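Subject: Structure handover

Hello,

Here is the structure for you to load. My notes on what turned up follow below it.

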Amino acid sequence: QVQLVESGGGLVQAGGSLRLSCAASGRIFSINAMGWYRQAPGNQRELVANIISGGSTNYADSVKGRFTISRDNNKNTVYLQMNSIEPEDTALYYCKLQTWNGKTEYVYWGQGTQVTVSS
């Protein structure tokens, strides 16, 4: 089984910074991608940023230039550095892991970590 442990969420003032971490452990084969999604009340879950196995990254337009995703391959950990945080960034942030065993892709989700931005 695979576990994802997220940390780093909390209450922050607008303009501030936070760093989210997501550590994956367990029976992990090849990692296709790791990333962060978020869901605000009344909204659908949306991609914030992800990093593909080759190192390429994708960002939501709303966070480009403010958020940076990175990954420590040795620790199977993905980070999301959030700068210049805005009230609109308030949401539950989920870590997503996509793995590949040579035949099948598996998708795992973390429990979520809350980010609340005060104006």
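**Salt bridges**

R38 and D89 form a salt bridge, with the closest N and O atoms 2.9 Å apart. This pair links distant parts of the chain. R38 sits in strand 4, D89 in the loop between strand 8 and strand 9, and their positions lie 51 residues apart in sequence terms. Both R38 and D89 are buried. Please keep in mind that this is a predicted model.

R38 has another partner. The side chains of R38 and E46 meet in a salt bridge, at 2.8 Å from N to O. How exposed are the two ends? R38 has a relative accessible area of 6%, under the 20% cut-off, so R38 counts as buried. E46 is at 36% relative accessibility. That value falls between 20% and 50%, so E46 counts as partly exposed.

Next, R66 and E86. Their salt bridge has its closest N and O atoms 3.7 Å apart. R66 lies in the loop between strand 6 (57-59) and strand 7, and E86 lies in the loop between strand 8 and strand 9, so the pair ties together parts that are 20 residues apart in sequence. R66 is buried, with a relative accessible area of 11%. E86 is partly exposed, with a relative accessible area of 34%.

How do these residues connect? Salt bridges that share partners join R38, E46, R66, E86 and D89 into one network. A search of the whole structure finds five salt bridges.

**The disulfide**

There is one disulfide in the structure. This disulfide joins C22 to C95, with an S to S distance of 2.1 Å. C22 lies in strand 3 (residues 18-26) and C95 in strand 9 (residues 91-100), so the pair ties together parts that are 73 residues apart in sequence. Which hand does the disulfide have? The torsion about the S-S bond of C22 and C95 is about -80 degrees, so the disulfide is left-handed. Both C22 and C95 are buried.

**The nonpolar core**

The largest nonpolar core has 30 residues. Which of them have the most contacts inside this core? They are M34, W36, L80, M82, Y93 and L97. Several strands each supply at least two residues of this core. Among them are strand 1 (2-7), strand 4 (30-39), strand 5 (46-52), strand 8 (77-82) and strand 11 (113-118). Strand 3, strand 7 (67-72) and strand 9 also each supply at least two. As general background, nonpolar side chains tend to be buried together in soluble globular proteins.

L97 deserves a look in the viewer. Leaving aside neighbours within four places in sequence, L97 is in contact with V2, L4, A24, I28, I31, A33, M34, Y106, V107 and Y108. Of these contacts, M34 is also among the residues with the most contacts inside the core.

**A91**

A91 is in strand 9. Is A91 buried or exposed? At 3% relative accessibility, A91 counts as buried. What does A91 touch? Not counting residues up to four places away in sequence, A91 touches R38, Q39, A40, T113, Q114 and V115. R38 thus turns up here as well as in the salt bridge with D89. By contrast, the C-alpha atoms of A91 and I52 are separated by 23 Å, with the two residues 39 apart along the chain.

Best wishes

How values were computed. Residues numbered from 1 in each chain as written. Predicted model: local features only at pLDDT ≥ 70, side-chain atom pairs only at ≥ 80, totals over all residues. Heavy atoms only, no water. Disulfide = S-S within 2.5 Å. Helix = DSSP H or I, 4+ residues; strand = E, 2+ residues; numbered from the N terminus. Buried < 20%, exposed > 50% of the residue type's maximum accessible area, 1.4 Å probe, protein only. Core = buried A, V, L, I, M, F, W, Y, C linked by side-chain atoms within 4.5 Å. Contact = heavy atoms within 4.5 Å. Salt bridge = Lys/Arg side-chain N within 4 Å of Asp/Glu carboxyl O.
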